[in-house]
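Here are my notes for you, written as a few short points. Keep the viewer open while you read.

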Amino acid sequence: MKKYKHVFYFLTPICLLILIPLIPFALSKWDDERLLSSINIEEVNDKSQQAFQTSQLNTSEKIGLLSSFYGENEQNIILVSQKETKLNTHIHDIKSHVQVELNKLQKLNIFPVIDFENDYNSYSYITRVYSQPTNPEKSVVVDIITYSSKDGFIEIWIDAQTQTIYQYLFYSDQFFTVPSQESHSVFGHQYLHISEEDIQRYYYMISNEKNLCIGINNLKNN
């Protein structure tokens, strides 16, 4: 019995010497995995919106980042989802930005002609921040807003900093003229100003007489 005690007392310090240096590494790895797999949801105000890191990415890079998060996520992008409470004046300002962008899409004949200002009201507003954890400047902040009317709804993904629409879904109980099947190409070239290669890589289009969606491939159902 004494022999086993001597062995125990001899091996314990050795094991501790081996394990102690590994503890910080293990904790760091666990924390990284926790961050990369979590979605933090919180209510924020307008000051929080202003605190977001200004992105240094161009439009094409932001679209690639969004696609990467919902795809293979090779860049280890993290998502912070924040459901916001907005003042009425701020909601009105955001709707004004959306109105301007929808007018651009209508002039390109890739969005139905509607009375957006008078017929549609927002009932869902979420801000999502997608970012590389080691470099916050490689990020994109998007407002995901759903507007409803008595006949249907519109869901818009719009850049909170540049007011560029990245994808949109339009649904109506009333029949409308279906835009060209090449609308996603027009959207990419003439609105987003991205290359044909990026359009083919990232974008899809679904359309019929009651539904129109131009969006980023991996953002379906998200």
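1. Is Lys104 buried, partly exposed or exposed? Lys104 is partly exposed, because its relative accessible area is 41%. Before you go further, keep in mind that this is a predicted model.

2. Now look at who Lys104 pairs up with. Glu101 makes a salt bridge with Lys104, and their closest N and O atoms sit 3.3 Å apart. Both belong to helix α5 (residues 88-107), and because they are 3 residues apart there, about one helical turn separates them. Glu101 has a relative accessibility of 7%, so Glu101 counts as buried, whereas its partner Lys104 is partly exposed at 41%.

3. How many salt bridges does a search of the whole structure find? The search turns up 2. Besides the pair in the helix, there is one between Lys62 and Asp159, with the closest N and O atoms 2.8 Å apart. This one ties together distant parts of the chain: Lys62 is in helix α4 (residues 59-70), Asp159 is in strand β5 (residues 152-159), and their positions lie 97 residues apart in the count. Lys62 and Asp159 are both buried.

4. Next, have a look at Ile145, which you'll find in strand β4 (residues 135-148). Its relative accessibility is 0%, so Ile145 counts as buried. What does Ile145 touch, leaving out residues up to four places away in sequence? The list includes Ile94, Val98, Ile154, Ile156 and Ile158, along with Ser122, Ser124 and Glu155. Tyr125 is on that list too; Tyr125 and Ile145 are 20 residues apart along the chain, yet their C-alpha atoms are separated by 4.7 Å.

5. Towards higher residue numbers, try the strand pair β7 (residues 203-207) and β8 (residues 211-216). These two run antiparallel and are joined by 5 bridges. To pick out one of the partners, find Ile206 and follow the bridge to Cys213 in β8. A hairpin of 3 residues connects β7 to β8.

6. Finally, zoom out to the whole chain. You should be able to find 8 helices and 8 strands. The chain has 222 residues, and 40% of them count as buried. Of the contacts with a separation of 6 or more, 62% are between residues 24 or more positions apart. The accessible surface adds up to about 13,400 Å², with 54% of it belonging to carbon and sulfur atoms.

Definitions and conventions. Residues are numbered from 1 along each chain as its sequence is written. This is a predicted model: local features need pLDDT of at least 70, side-chain atom pairs count only at pLDDT 80 or more; totals for chains, interfaces and linings use all residues. Side-chain values use heavy atoms; hydrogens and water are left out. Helices (H or I, at least four residues) and strands (E, at least two) are DSSP runs, numbered from the N terminus. Buried means under 20% relative accessible area, exposed over 50%, partly exposed in between (1.4 Å probe, protein chains only). Contact means heavy atoms within 4.5 Å. Accessible areas come from the Shrake-Rupley method with a 1.4 Å probe; for residues, only the protein chains shown count as cover. Two strands pair if DSSP finds at least two bridges between them. A salt bridge is a side-chain nitrogen of Lys or Arg within 4 Å of a carboxyl oxygen of Asp or Glu.
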